[in-house]
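Work through these short exercises with the model open beside you. Try each task before you read its solution.

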Amino acid sequence: MTTETRVPTPQKCIMNIKKEAKYGNYHLKIYDNDSVGIEVSNTLGVLREFYKENGLEYKDTDNTQAMGRRFVNYLNEEVNADKIKISSFEKELRKVISDVSCIIGEEIPQDCYQINILSAPHKPNNLPENKMGIYIFKYQNDYLKIGKVGAKSNARFVSQHYLPNSAMSNLAKSLLSDGTFGVNEENVGDWIRNNCDRIEIIIDAELGDLALSLIEASLHYKYKPRYEGKNKETEAS
């Protein structure tokens, strides 16, 4: 007589969802075991896009679980200020631009520009097509330089300020002439990238040069950068 032994078919593990949030066409979920799921492909890439769109900070080493968990909390208005924050500096920049343009009577819409805050060490972004740019270099509490570029000035936006011999005037050349920071021609570019925060304001080119100049002038007046105008300690522009 043959006895047949039946092996039970494993039941699919069903995890309960303990927290979830919707963001556009995406569904974020936190399960009982604290794993995070998003119903999209390339989850980490999408999360990074979410953070950038909402002015949130993250580290390149942050993984999917950590970033997803914090973003769900953000959407549910349960933000832990020690783990994630909306940059108060971005809010300040937007207020300056809004207040000045409103006084003139031609408000610059907030959806016509975006702000990238790149903490040190930083890597500058390329200027997107059909965009103008404002850049701010900040060392600790010292604003070093604020400048503007038109839609066809990617080299000025991305690289020239790190290379002292790349233009008649740039941040690297100003730092060398200043002598305060102990840099030389060989290391000044790396010093800027490793020690300075860089803030980029990416502006729709259709707003035109007058809007670009207005934003730059407003930020000059507000932050009085070391190497601009009457505050410059050496020749720069």
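The exercises go from the whole chain to single residues.

This is a predicted model, in which local features need pLDDT of at least 70 and side-chain atom pairs count only at pLDDT 80 or more, while totals for chains, interfaces and linings use all residues. Residues are numbered from 1 along each chain as its sequence is written, and side-chain values use heavy atoms, with hydrogens and water left out.

**Exercise 1. The whole chain**

Task: State how many helices and strands the chain has, and what share of its residues is buried.

Solution:
- Step 1. Helices (H or I, at least four residues) and strands (E, at least two) are DSSP runs, numbered from the N terminus.
- Step 2. The chain has seven helices and seven strands.
- Step 3. From the N terminus, their order is β-β-β-α-α-α-β-β-β-α-α-α-β-α.
- Step 4. Buried means under 20% relative accessible area, exposed over 50%, partly exposed in between (1.4 Å probe, protein chains only).
- Step 5. Of the 237 residues, 43% count as buried.

**Exercise 2. Helix α3**

Task: Check the length of α3 against its expected span. Then find what its buried residues pack against.

Solution:
- Step 1. The expected span of a helix is 1.5 Å times one less than its number of residues.
- Step 2. The 17 residues of α3 should therefore span 24 Å, and the end C-alpha atoms are 25 Å apart, which agrees.
- Step 3. Now look inward: the buried residues of α3 are F89, E90, L93, R94, V96, I97, S98 and S101.
- Step 4. Contact means heavy atoms within 4.5 Å.
- Step 5. The buried residues of α3 pack against β4, β5, β6, β7 and α7.
- Step 6. After α3 comes G105, with a positive phi near 100 degrees.

**Exercise 3. Two helices that pack**

Task: Describe how α3 and α7 pack.

Solution:
- Step 1. Axes are lines fitted to C-alpha atoms, for helices over the stretch in contact, and angles run from 0 to 180 degrees between N-to-C directions.
- Step 2. Helix α3 (residues 88-104) and helix α7 (residues 209-223) pack at about 120 degrees, with axes 10 Å apart.
- Step 3. On the α3 side, the residues in contact include F89, L93 and V96; on the α7 side, they include L214, I215 and L219.
- Step 4. By class, this contact of α3 with α7 has ten nonpolar, two polar and two charged residues. Ala, Val, Leu, Ile, Met, Phe, Trp, Tyr, Cys and Pro count as nonpolar, Asp, Glu, Lys and Arg as charged, and the others, Gly among them, as polar.

**Exercise 4. D204 and N170**

Task: Is D204 buried or exposed? Which side chain does D204 join in a polar contact? Repeat the search for N170.

Solution:
- Step 1. D204 sits in strand β7 (residues 197-204).
- Step 2. Its relative accessibility is 15%, so D204 counts as buried.
- Step 3. A polar contact is a pair of N or O atoms within 3.5 Å; within protein, one must be able to donate a hydrogen and the other to accept it, and residues adjacent in sequence count only if both atoms are side-chain atoms.
- Step 4. The side chains of D204 and K131 make such a contact at 2.4 Å.
- Step 5. N170 lies in the loop between α4 and α5.
- Step 6. N170 has a relative accessible area of 0%, so it is buried.
- Step 7. The N170 side chain reaches the backbone oxygen of L163 at 3.0 Å.
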